[in-house]
Amino acid sequence: MSEGRIYNFSAGPAVLPEEVLREAADEMMNYRGCGMSVMEMSHRSKMFEDIINEAEQDLRDLMGIPDNYKVLFLQGGASQQFAAIPMNLMKNGVADYIVTGQWAKKAYQEACKYGKANKIASSEDKTFSYIPDCSDLPISEDADYVYICENNTIYGTKFKELPNTKGKILVSDVSSCFLSEPIDVTKYGIVYGGVQKNIGPAGMVISIIREDLITDDVLPGTPTMLKFKTQADADSLYNTPNCYCIYMCGKVFKWIKKMGGLQAMKEHNEKKAKILYDFLDSSKMFRGTVEKKDRSLMNVPFVIGDDELEKKFIAESKAAGLENLKGHRTVGGMRASIYNAMPIEGVEALVAFMKKFEEENS
């Protein structure tokens, strides 16, 4: 860890690889001899065209994205897609939602504005601490798609198996597990995520959409900017995109390639998560809040069960250079987000601190 840097366990905007930040700093004033920063560059220039094309190609290589899927770099974050998805896909006006956390719930509530959204499974009964069995769900006959949030940032749960959609299109928000492990893109109609957790700075969503779902047949009143076809036809350049964010994401894609790709990333993430979960399972003071089979590799919520001690833990951990361990305001407790760029030393430092805190406060 470089001097002056802390271990940042924030859920997003989150930790970025140090070498990527250094590279961006080196190029800040003068990108590859052009005499200006990428922040100042026209999105219509040949130089930026190379940046966006290279970023897309690297992402396609990493994820094995087939040719019949479009990659779109969009503004408005994942939350804007909560509306764009029903506007573009609700041909029959029906969609099925599996609600496993705050963001899936918000997506479901948004979809209710545009058609008949059915909540076909939920884990709200136990504060979203598990993933429901999705092997035989009451999928609606006329559903246009089935929607999930694959990794739940706030509650620390993850779908280990995709739901059986009985032939319906699967749409998945992967914001907090994006590029953390290999996935089979062909199993999805749309897989999308905000980049500010695992890939880049805040301000963008990447959406990977099967081409047959990109049509002019959208809900009446759909804004031009929210039509997938508008964005796809213009190769994400219909208006000025988030140029600097695309550039930074491109650097992170290259870093992941250098680290060995998504399989290597998965092994690295499993190793880090194991250190933390093993400690939580053996601790007398701290406990994880998620059913073991559904634990996320990315977001690890845990509690002490004593408000005063938790406040003390958060204050002392911050003083020790372990930042952003406070749980989400809706659930309290603590949460460590250990995305791709969190080094294993960061997790080891956290566990060492937790051991010491337990000894001093038990």
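Here are a few friendly questions and answers about helix α8 and a neighbouring sheet in this predicted model.

User: How many residues does helix α8 have, and what distance does it reach from its first C-alpha to its last?
Analyst: Helix α8 covers residues 307–319, which makes 13 residues. At 1.5 Å a residue, 18 Å is expected. The model comes close to that, with a reach of 19 Å.

User: Which residue caps the N-terminal end of α8?
Analyst: Look for a side-chain oxygen by the backbone nitrogen of Glu308. One lies 3.0 Å from that nitrogen, and the residue it belongs to is Asp306.

User: Why are the buried residues of α8 on the same side of the helix?
Analyst: Buried here means under 20% relative accessible area, and Leu309, Glu310, Phe313 and Ser317 are buried in α8. They sit on the same side because the arc they cover around the axis is only 100 degrees.

User: Which exposed residues does the opposite face of α8 carry, and what do the buried ones pack against?
Analyst: Turned away from the buried side are the exposed Asp307, Glu308, Lys311 and Ala319. The buried residues of α8 pack against β12 (299–303), β13 (322–323), β14 (334–337) and α9 (344–361).

User: Which strands stand at the edges of the open sheet?
Analyst: This sheet has 3 strands in the order β11-β12-β14, paired antiparallel. Each edge strand has a single partner, so one of its sides is left without a neighbour in the sheet; these strands are β11 (287–288) and β14.

User: What angle does the direction of helix α7 make with that of β12?
Analyst: Helix α7 (residues 261–282) packs on the sheet and touches β11, β12 and β14. Its direction and that of β12 make an angle of about 20 degrees.

Definitions and conventions
Residues are numbered from 1 along each chain as its sequence is written. This is a predicted model: local features need pLDDT of at least 70, side-chain atom pairs count only at pLDDT 80 or more; totals for chains, interfaces and linings use all residues. Side-chain values use heavy atoms; hydrogens and water are left out. Helices (H or I, at least four residues) and strands (E, at least two) are DSSP runs, numbered from the N terminus. The expected span of a helix is 1.5 Å times one less than its number of residues. Buried means under 20% relative accessible area, exposed over 50%, partly exposed in between (1.4 Å probe, protein chains only). The arc is that of the directions from the helix axis to the C-beta atoms. Contact means heavy atoms within 4.5 Å. A polar contact is a pair of N or O atoms within 3.5 Å; within protein, one must be able to donate a hydrogen and the other to accept it, and residues adjacent in sequence count only if both atoms are side-chain atoms. Two strands pair if DSSP finds at least two bridges between them. Axes are lines fitted to C-alpha atoms, for helices over the stretch in contact, and angles run from 0 to 180 degrees between N-to-C directions.
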